[in-house]
Amino acid sequence: VPLDEERRWYRYHHLFSELLRERLRQTQPEQVSTLHIRASEWFESHDLIDEAIHHAIAAGDSVRAAEIVERHRDNQLTEDRWYILDRWLAMIPADVKQKRLILLLTEAWIAYCRLRTERIPAILERVDSVLPDQGAEPSVIGEVSFFRGSYKY
């Protein structure tokens with residue numbers, strides 16, 4: 001199915017697409033993750049963040065997926081699109097989320113926006129365990145202080 005004649009983009013039938021993916025996995029398995037990483041980079045450069053995260057995860061690079069979310073979270077928060085951040089975080093493995101300060105603070109923002117403030121103390125405990133290891137910029141310290149103060153209020 002032609003999607004864009006000018007750029008020569010086409011969508012193949014899903015069964016044919018799966019056949020091509022399977023052929024690649026059988027003949028050149030080492031290329032699969034490389035192609036997913038390249039696709040992730042391309043999608044991110046074109047502001048298609050869902051797809052960029054998906055391909056990073058498919059490549060087995062959950063750290064890259066986490067970094068993508070971290071790079072684009074402020075734009076989503078500014079636009080009050082916390083629900084998109086929630087969808088992105090759902091794609092990241094739990095063990096990666098628990099080790100990354102910005103992702104933990106993103107979870108806190110989502111809880112705050114959903115009016116689920118009872119979840120914030122547990123998130124702040126995890127933040128405290130990660131904070132000494134990663135250090136923090138003043139803006140991050142400000143976010144942590146905001147959540148502590150907001151919860152106490």
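This report describes the nonpolar cores, one helix that packs into its surroundings, a surface patch and some loop residues of a predicted model.

The largest nonpolar core comprises 18 residues, and those with the most contacts inside it are Ile53, Ile68, Val69, Trp88, Ile92 and Leu103. At least two residues of this core come from each of the helices H2 (29–45), H3 (49–58), H4 (62–78), H5 (82–91) and H7 (101–113). Separate from it is a second core of 14 residues, which includes Leu101, Ala108, Val127 and Val144.

Two members of the larger core can be followed through their contacts. Isoleucine 92 lies in the loop between H5 and helix H6 (94–97), and with a relative accessible area of 3% it counts as buried, because that value falls under the 20% limit used for burial. Leaving aside residues up to four places away in sequence, isoleucine 92 touches Ile53, Ala65, Ala66, Val69, Lys97 and Leu103. Its C-alpha atom is separated by 16 Å from that of glutamate 44, the two residues being 48 residues apart along the chain. Leucine 103, with the exclusion of residues up to four places away in sequence, touches Ala66, Val69, Glu70, Leu89, Ile92 and Lys97.

Helix H5 has as its buried residues Ile84, Leu85, Trp88 and Leu89. These cover an arc of only 140 degrees around the axis, and therefore they sit on the same side of H5. An α-helix has 3.6 residues a turn, so residues three or four places apart point the same way. The buried residues of H5 pack against H3, H4, H6 and H7.

On the surface, Tyr10, Tyr12, Phe16, Leu19 and Leu20 make a nonpolar patch of about 510 Å². Helix H1 (residues 14–27) gives the most to this patch, contributing three residues, while tyrosine 12 is placed in the loop between strand S2 (9–10) and H1.

The backbone also deserves attention at two loop positions, listed here with their phi values.

| Residue | Phi | Loop |
|---|---|---|
| Aspartate 80 | positive, about 60 degrees | between H4 and H5 |
| Leucine 115 | positive, near 60 degrees | between H7 and helix H8 (120–134) |

Aspartate 80 has this positive phi although it is not a glycine, and the phi of leucine 115 is likewise a positive value in a residue other than glycine. Leucine 115 has a relative accessible area of 70% and is exposed, because exposure is assigned over 50%.

Notes. Residues are numbered from 1 along each chain as its sequence is written. This is a predicted model: local features need pLDDT of at least 70, side-chain atom pairs count only at pLDDT 80 or more; totals for chains, interfaces and linings use all residues. Side-chain values use heavy atoms; hydrogens and water are left out. Patches are made of residues with over 30% relative accessible area and no salt bridge: like charges are joined within 9 Å, nonpolar side chains (Val, Leu, Ile, Met, Phe, Trp, Tyr) within 5 Å. Accessible areas come from the Shrake-Rupley method with a 1.4 Å probe; for residues, only the protein chains shown count as cover. A salt bridge is a side-chain nitrogen of Lys or Arg within 4 Å of a carboxyl oxygen of Asp or Glu. Helices (H or I, at least four residues) and strands (E, at least two) are DSSP runs, numbered from the N terminus. A nonpolar core is a set of buried Ala, Val, Leu, Ile, Met, Phe, Trp, Tyr and Cys residues joined through side-chain atoms within 4.5 Å. Buried means under 20% relative accessible area, exposed over 50%, partly exposed in between (1.4 Å probe, protein chains only). Contact means heavy atoms within 4.5 Å. The arc is that of the directions from the helix axis to the C-beta atoms.
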